[in-house]
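Reader: I would like the labels on this model explained. Please set each value against its cut-off.

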Amino acid sequence: VERMEPGAPRWSELTAQLLDLARAESPTAGRPLEPVDLGDAIAAALEDVIQLASEKRIDIGVSHSVPVAVLGEANDLRILLKNLFDNAVRYTPAGGTIEK
């Protein structure tokens, strides 16, 4: 159990990602697309990874933003962006910078 404990948060996160993927592929995934503010989706995704970035002293953010809407599903877009940002934070050395 002691050897498994350090990996538990990562396994929990991977399980959550698999559940998100399963939900996105469910029959309700065929719902109509609607305009989603990309800036709002980016802000929500950044909130999901900001603690990990802070722990690694990584500066993460968007330097400037132009209002734009995309057709999609807000939660699915947030999940996609969160996974992208999460990978960026995990593979950026401590003290690094991630920006648009």
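Author: What follows is a set of questions about labels, each answered from the values. The model is a predicted one.

Reader: What makes the contact between Asp48 and Arg78 a salt bridge?

Author: A salt bridge needs a side-chain nitrogen of Lys or Arg within 4 Å of a carboxyl oxygen of Asp or Glu. The side chains of Asp48 and Arg78 meet at 2.4 Å, N to O. That is within the cut-off, so the label applies. Asp48 lies in helix 2 and Arg78 in helix 3, so the pair ties together parts 30 residues apart in sequence.

Reader: Why is Asp48 called partly exposed?

Author: Buried means under 20% relative accessible area, and exposed means over 50%. Asp48 has 36%. This value falls in between, so Asp48 is partly exposed. Arg78, at 23%, is partly exposed too.

Reader: What else does Asp48 touch, leaving out residues up to four places away in sequence?

Author: Besides Arg78, Asp48 touches Lys82.

Reader: How many salt bridges does a search of the whole structure find?

Author: Two. One joins Asp48 and Arg78. Another joins Arg90 and Asp86, at 2.9 Å, N to O. Here too the value is within 4 Å, so the label holds.

Reader: Where do Arg90 and Asp86 lie?

Author: Both are in helix 3, four residues apart, about one turn of the helix. Residues three or four places apart in an α-helix point the same way, because there are 3.6 residues a turn.

Reader: Is Asp86 buried or exposed?

Author: Asp86 has a relative accessible area of 4%. The cut-off for buried is under 20%, so Asp86 is buried. Its partner Arg90, at 30%, counts as partly exposed.

Reader: How do you know that the span of helix 2 is close to the expected one?

Author: Helix 2 covers residues 38-55, 18 in number. From its first C-alpha to its last it reaches 26 Å, and 26 Å is expected at 1.5 Å a residue. Helix 2 still bends by about 50° at Val49.

Reader: What makes Asp37 a cap of helix 2?

Author: A side-chain oxygen of Asp37 lies 2.8 Å from the backbone nitrogen of Gly39. A polar contact must be within 3.5 Å, so this pair meets the distance limit. The cap sits at the N-terminal end of helix 2.

Reader: Which parts do the buried residues of helix 2 pack against?

Author: They pack against strand 1, strand 2 and helix 3. Among these buried residues are Ile42, Leu46 and Val49. Phe85 touches Ile42, Leu46 and Val49, among others.

Terms used:
Residues numbered from 1 in each chain as written. Predicted model: local features only at pLDDT ≥ 70, side-chain atom pairs only at ≥ 80, totals over all residues. Heavy atoms only, no water. Helix = DSSP H or I, 4+ residues; strand = E, 2+ residues; numbered from the N terminus. Expected span 1.5 Å × (residues − 1). Bend = angle between axes of the 7 residues up to and from the residue. Buried < 20%, exposed > 50% of the residue type's maximum accessible area, 1.4 Å probe, protein only. Contact = heavy atoms within 4.5 Å. Polar contact = N/O pair within 3.5 Å; in protein donor to acceptor, adjacent residues only side chain to side chain.
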